[in-house]
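Q: Could you take me on a close look at one place where two helices pack together? I am new to this, so please go step by step.

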Amino acid sequence: MNQLPNLRALPVEGDDRAAVINALRTLQAKDRTTVQDIKFGRRFFSRADVLDVVSEAYGLFAQTGRYSPYPGLPTPPSMQDMEQDITAAAIALMGGGPDARAVLTSGGTESVIMAVKSCLTQMRKTGKVTGQPNIVAPWSSHPCLDKAAELMGIELRRVAVLDDGRADLTAMATAMTPQTIMLYGSYPSYSYGLDDDIVGLGALAQLHNVWLHVDACMSGFLAPFARMNGVAMPDFDFRVLGVTSISADLHKHGYAAKGISALLFRNSHVAQYHSFTYEDYPLPSMTTPTLAGTAPGAPIASAWAAMRYLGIMGYRALTADLYAARDQFVAAINRIPGFAVLGLPLFSLLVVTSNHYDMIAVHRALEKRGWFTLLVRKPSGIHLNIGTTDASLATIFADDLRDIVKEFS
């Protein structure tokens with residue numbers, strides 16, 4: 001038994017190194033045991049060899065910070081080199097030009113908060129907004145946007161989506177006011193796994209001279225490789241005129257360790273507003289590029305390692321595996337009478353709906369059979385997040401749905 005007794009207080013004497021490492025391995029085994037029988041329990045898992053590489057990279061830089069907020073203590077050269085590589089690769093994948101910029105954050109929520117902060121700062125400093133600002137977004141947008149709006153005292157105007165689950169551009173245009181500073185679109189929305197019309201939103205943003213943020217946290221490191229594999233999909237990135245910023249999570253389909261995301265800006269003009277500087281206090285002026293004062297470098301090392309280890313061909317192969325799994329799920333679900341996949345999902349997220357069955361009851365029944373799904377309130381359905389290794393689960397999922405229906409009859 002390698003588990004150490006639980007602490008009631010910090011021990012006077014430290015434990016033996018081997019005992020600590022063995023205890024950690026025991027704890028890790030507990031984690032694996034907890035999810036091993038949960039179908040969809042290993043989201044954003046690629047392969048064991050990739051996990052080994054990013055884990056080793058993370059450990060090597062466990063004590064390294066990304067930057068120093070104070071003058072005199074230089075940023076570690078390793079972080080400068082790796083961040084430059086990651087952001088350059090991300091900008092290239094998102095169709096950014098030579099003046100595009102990117103900053104690395106702790107995850108999609110921080111990326112969205114920083115995008116909103118950058119937008120608000122720019123609008124205030126340039127005099128484009130003087131009263132209470134607002135953001136117009138589809139109802140399907142991720143709640144991290146609400147968090148950003150609440151933190152900064154911004155009114156968030158959520159607009160009902162179309163029947164197909166995508167953004168209603170006409171309704172969003174109607175909801176705009178002279179105090180609107182940002183439009184928000186998802187590619188795809190986490191709620192439905194469906195892509196908003198980013199080209200249309202870009203045109204609307206240009207017409208009103210407002211910021212357009214694209215939440216591509218789920219697809220930023222998936223869509224480019226799917227396109228390379230021949231999958232047809234609408235543009236969503238800086239190839240679309242009007243797109244100002246994009247969030248894309250490296251700890252999702254970039255397969256880095258948690259947590260790291262990229263926030264990308266169309267040009268240096270808008271990128272200049274993301275950092276924070278303060279001088280009127282006893283110590284030297286403090287500047288940080290993101291929310292964190294002390295930002296860990298280990299996630300950056302893990303992302304750099306994943307990108308270097310996989311390369312374009314490695315990402316394309318993992319994307320092909322994921323799409324094959326997704327296609328098998330879509331086909332299997334659509335073959336079952338009474339069930340359907342909502343819309344035409346382009347990525348890893350699916351919503352299963354039914355006009356015949358109580359989806360709350362279906363969700364409960366699936367949970368009893370070991371499936372991790374989320375309940376969708378409107379339209380009533382269940383939310384699936386397909387991974388690269390999930391192809392073998394498609395038939396099992398369909399069989400379970402059929403068995404559940406039999407229980408209802």
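**Where α3 meets α10**

A: Let's start with who touches whom: on the α3 side the contact is made by M79, M82, E83, D85, I86 and A89, and on the α10 side by I300, A301, A303, W304, M307 and R308. Sorted by class, this contact of α3 with α10 has 9 nonpolar residues, 3 charged ones and no polar ones. Please keep in mind as you look around that this is a predicted model.

Now for the geometry. Two packed helices are described by the angle between their axes and the distance between the axes. For α3 and α10, the angle is about 55° and the axes lie 9 Å apart. That angle makes α3 oblique to α10, because angles from 65 to 115 degrees would be needed for roughly perpendicular and angles under 35 degrees for roughly parallel. The crossing of these two helices also has a hand: it is left-handed.

Next, pick out two of the contact residues, D85 from α3 and R308 from α10. Side chains of opposite charge can pair when their charged atoms come close. R308 and D85 form a salt bridge, and their closest N and O atoms are 3.0 Å apart. Where do the two partners sit? R308 belongs to helix α10, residues 298–334, and D85 to helix α3, residues 77–93, so this pair ties together parts that are 223 residues apart in sequence.

Are these partners buried or exposed? R308 is exposed, with a relative accessible area of 56%, while D85 counts as partly exposed at 25%. The cut-offs help here: exposed means over 50% and buried means under 20%, so D85 falls in between.

Finally, let's step back from the helix pair. The structure holds 12 salt bridges, and two others make a nice comparison. One joins R101 and D99, with the closest N and O atoms 3.5 Å apart. Here R101 is partly exposed at 36% relative accessibility, and D99 is partly exposed as well, at 33%. The other is between the side chains of K252 and D249, where N and O are 2.5 Å apart. In this pair K252 counts as buried at 15% relative accessibility, and D249 is buried too, with a relative accessible area of 1%.

To return to where we began, try finding R308 and D85 in the structure: their salt bridge links two residues that also belong to the contact between α3 and α10.

Terms used:
Residues are numbered from 1 along each chain as its sequence is written. This is a predicted model: local features need pLDDT of at least 70, side-chain atom pairs count only at pLDDT 80 or more; totals for chains, interfaces and linings use all residues. Side-chain values use heavy atoms; hydrogens and water are left out. A salt bridge is a side-chain nitrogen of Lys or Arg within 4 Å of a carboxyl oxygen of Asp or Glu. Helices (H or I, at least four residues) and strands (E, at least two) are DSSP runs, numbered from the N terminus. Buried means under 20% relative accessible area, exposed over 50%, partly exposed in between (1.4 Å probe, protein chains only). Axes are lines fitted to C-alpha atoms, for helices over the stretch in contact, and angles run from 0 to 180 degrees between N-to-C directions. Angles under 35 degrees count as roughly parallel, over 145 as roughly antiparallel, 65 to 115 as roughly perpendicular and the rest as oblique. A crossing is left-handed if the near helix is turned anticlockwise from the far one by less than a right angle, and right-handed if clockwise. Contact means heavy atoms within 4.5 Å. Ala, Val, Leu, Ile, Met, Phe, Trp, Tyr, Cys and Pro count as nonpolar, Asp, Glu, Lys and Arg as charged, and the others, Gly among them, as polar.
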